[in-house]
Amino acid sequence: MTYPNIDAGRDTTSGSAVSRRPRRRGKGSATDARDGVLHPKAGEFLMAVLGGCDTIGMNMTMYGSDGKWLLVDAGCTFPDDDDRDLGLEVIIPDPEFALRHAKDIVGMVVTHAHEDHVGAVSHLWPKIGCPIFCTPFAAEAVRGKLDERRKTSKVRIHTHKPGGSFSVGPFQVRTVPVAHSIPEATALAITTKAGTVVHTGDWKIDPNPVLGPKTDLAALKAIGDQGVLALMSDSTNAMSSGSTPSEGTTLDGFDRAFAGRKGAIVVGCFSSNVARLKSIALTAAKHGRKVALAGRSLVRMEDIGRKLGMFSGVAPFLSDAEIKRLPRREQVIICTGTQGEENAALSRIACAEHRHLRICDGDTVIFSARKIPGNEESIEAIQQKLRNLGATVLTPADFPVHVSGHPSRDDLAEMIRTVRPATVVPVHGTPAHLEAHAELSRSVGTPSAVLPRNGSVLRITKERGVEVLDSFPARMLAWNGARLVGWAPSETDPEAAMAALLSAEALGGSGSAPRHSGHPSPDPEESRRRKSPASHQAPRLGRDGRPVLSLDAKHRELRRAGSGIHDAGSVRVWLPDAPSDVRGDKIAGGSGKPSGKPSGNMGENSAEVGTGAGGHPHSKAEPTATRTAAQRRRDQRKRAKERRREEEAATAT
Ligand SMILES: [Zn+2]
Ligand SMILES: [Zn+2]
């Protein structure tokens with residue numbers, strides 16, 4: 001396995017474009033790997049990237065030192081409409097690497113409560129079972145997720161205030177408050193005998209965050225004064241110039257947007273942005289209006305926020321049933337659904353299907369969010385419906401009613417100058433974002449930058465800086481309402497899609513039909529059918545009225561169809577003659593060949609944790625004789641392609 005787009009050990013102080021080739025773990029390595037399990041030594045940090053460094057979302061990182069591992073975040077991403085039609089609800093990193101090291105994981109630290117950082121916790125915690133460390137606000141989110149799956153009772157959740165410190169195993173963790181688009185976001189300074197690394201989580205520099213403390217640059221500077229081996233920092237806006245505007249600017253934006261409006265004002269925003277809710281409430285009070293929350297997630301957020309004292313100075317919110325009794329010029333209604341989600345309050349209001357709320361001529365609807373790429377059509381459709389009902393639709397293009405929660409280039413430079421790490425490791429972004437961040441770090445004078453990909457294992461030492469140690473296959477799993485199944489996006493290498501399916505099969509996860517589509521049906525009869533166990537046998541109809549097959553049914557059908565590339569809807573599948581070698585990436589100490597037999601179980605009811613080498617597909621060798629000539633050629637082509645990409649990456653920036 002090679003490491004595309006990894007720029008290891010680049011000497012940036014000299015401006016040289018020549019990079020050393022990634023060093024590989026070899027004989028005499030300080031890290032000992034047996035049976036595919038890495039045993040980090042006391043004088044080193046290992047960083048294993050399970051997710052977050054190929055696409056934005058699914059952040060999951062493990063830090064190893066002195067024989068133990070610390071998990072940082074376990075996030076998810078969401079499927080597109082087509083995959084939702086297949087019954088898929090969330091997509092998470094394949095936790096195989098974490099499960100393999102589960103007995104050495106001493107804890108999980110959550111940087112903040114966004115789904116791309118906590119969305120996989122409820123799926124993974126039952127398999128790992130380690131203590132969870134988070135702030136009180138994130139603890140509410142984590143408990144909520146575990147409650148949904150009735151896992152709360154056994155979980156040990158340790159809470160700390162942003163800025164607090166704790167020790168777990170060999171790791172001393174100091175948390176640093178950072179501003180972001182959700183309360184209580186934290187950066188982590190993780191110290192062991194090997195030194196200190198700083199993992200920023202999501203952050204921005206914000207002189208007026210409206211809610212909570214500013215990013216504590218003084219604390220980060222003090223940590224930098226002690227010497228920081230590596231800075232793992234948020235690359236989301238690494239291609240945006242300047243500095244991200246403050247959340248406080250939305251106060252002025254709402255003030256201007258509210259001024260002179262006669263009818264009701266509806267504001268759509270993300271429920272987790274409590275500072276935004278506070279800005280809207282403060283502006284409403286200034287304009288003599290009362291505020292109602294429409295939507296369960298908003299009401300839950302108010303409950304949590306009030307409990308934690310986040311709404312001081314804000315009058316209690318009304319319910320949607322209460323506010324309709326006020327004159328329209330006194331109404332402000334906050335709702336979710338800015339991305340055009342079908343079942344959110346904003347959509348129901350736009351379709352005149354909301355139980356209590358209606359749009360009348362002269363009302364104003366403010367979209368206090370950016371358009372997430374891919375949602376443009378749904379958003380436009382809802383906005384047009386609202387206009388047809390007589391509303392004026394306002395967006396961030398009209399008034400500054402939305403700001404990003406992530407740092408732009410000037411902010412990234414300030415973070416690097418504050419922490420002064422020996423190496424910058426850009427995370428939280430696509431390869432293009434990570435490249436842009438690495439380029440920036442060079443211009444700021446950081447000695448080196450290393451770009452990980454999902455599946456990279458880096459070794460960080462005082463003596464040798466950050467090196468590429470190893471890699472593991474970084475795959476994805478999708479939760480279909482009943483089980484985790486292998487998943488790969490249709491545009492990826494079809495081999496990856498096939499590997500995902502086989503991975504799920506090996507983990508015992510692909511044998512179930514999707515339970516439901518993720519879109520609750522308004523038809524009660526249909527809902528009843530879906531709840532009934534017998535409905536698993538009945539063909540489910542897709543949007544086009546044709547039966548939707550479950551993933552495993554598709555898999556069987558494709559197997560019958562023989563080898564070649566098949567379009568299986570959301571998953572394009574490459575079917576080799578003998579599909580036994582698609583998990584051929586070598587893992588340290590193991591043969592890297594799959595057994596193809598069920599081993600371990602990611603199914604919901606399983607109590608097994610696949611930590612033992614003997615229990616994992618990677619630990620079993622597949623006889624080379626079973627590989628076909630076609631497969632060998634394919635492997636050779638793949639290796640050559642990866643080599644080219646690695647070389648390109650080493651000289652391109
Ligand atoms: Zn976030
Ligand atoms: Zn994030």
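1. Contacts across the chain are a good place to start. Among contacts in the protein with a separation of 6 or more, 73% are between residues 24 or more positions apart. Please keep in mind that this is a predicted model. The protein has 653 residues, and 53% of them count as buried. Its secondary structure comprises 18 helices and 30 strands.

2. Next, have a look at the open sheet of eight strands. Reading across it, the order is β9-β8-β7-β5-β4-β3-β23-β24, and the pairing is mixed. At the edges you will find β9 (157-159) and β24 (465-471), each of which pairs on one side only. On average, neighbouring strands of this sheet are turned by 25° against each other, with direction ignored.

3. Within that sheet, β7 and β8 make a handy pair to inspect. Strand β7 covers residues 105-109 and β8 covers residues 132-134; the two pair in the parallel sense over two bridges. If you want a residue to click on, try Val109, whose bridge partner in β8 is Phe133.

4. Helix α5 belongs in the same view. This helix, residues 136-148, lies across β8 and β9 and runs at about 160° to β9.

5. Helix α5 also has a helical partner. Helix α4 (residues 121-128) packs with α5 at an angle of about 80°, and their axes are 9 Å apart. That angle makes α4 roughly perpendicular to α5. On the α4 side the contact involves Val121, Ser122 and Trp125, which meet Val142, Lys145, Leu146 and Glu148 in α5. Sorted by class, the contact has four nonpolar, one polar and two charged residues.

6. A second open sheet, with three strands, is worth a separate visit. Its order is β6-β25-β26, and the pairing is antiparallel. Because β6 (90-93) and β26 (484-487) stand at the edges with a single partner strand each, one side of each is left without a neighbour in the sheet. Neighbouring strands here are turned by 40° against each other on average, direction ignored.

7. Two of those strands can be followed residue by residue. Strand β25 (residues 476-479) is joined to β26 by four bridges, and the two run antiparallel. Met476 has Trp487 as its bridge partner in β26.

8. Helix α6 (residues 217-225) shows two distinct sides. Its buried residues are Leu220, Ile223 and Gly224. They cover an arc of only 100° around the axis, and therefore sit on the same side of α6. As a general reminder, an α-helix has 3.6 residues a turn, so residues three or four places apart point the same way. Ala218 and Asp225 are exposed on the other side of α6.

9. What do the buried residues of α6 pack against? They pack against β11 (171-178), β12 (185-192), β13 (195-199) and α13 (409-419). Just after α6 comes Gly227, which takes a positive phi of about 100°.

10. Finally, a single residue to look up: Leu282, in helix α8 (residues 274-286). Is Leu282 buried or exposed, or partly exposed? Leu282 has 17 other C-beta atoms within 10 Å, so it counts as partly exposed. Setting aside neighbours within four places in sequence, Leu282 is in contact with Leu251 and Val314. Leu251 is 31 residues from Leu282 along the chain, and the C-alpha atoms of the two are separated by 8.1 Å.

Definitions and conventions
Residues are numbered from 1 along each chain as its sequence is written. Chains are lettered from A and ligands numbered from 1 in the order in which they are written. This is a predicted model: local features need pLDDT of at least 70, side-chain atom pairs count only at pLDDT 80 or more; totals for chains, interfaces and linings use all residues. Two strands pair if DSSP finds at least two bridges between them. Axes are lines fitted to C-alpha atoms, for helices over the stretch in contact, and angles run from 0 to 180 degrees between N-to-C directions. Two residues are in contact if their C-beta atoms, placed from the backbone, lie within 7 Å. A residue is buried if 20 or more other C-beta atoms lie within 10 Å of its own, exposed if 12 or fewer, and partly exposed in between; C-beta atoms are placed from the backbone. The arc is that of the directions from the helix axis to the C-beta atoms. Angles under 35 degrees count as roughly parallel, over 145 as roughly antiparallel, 65 to 115 as roughly perpendicular and the rest as oblique. Ala, Val, Leu, Ile, Met, Phe, Trp, Tyr, Cys and Pro count as nonpolar, Asp, Glu, Lys and Arg as charged, and the others, Gly among them, as polar.
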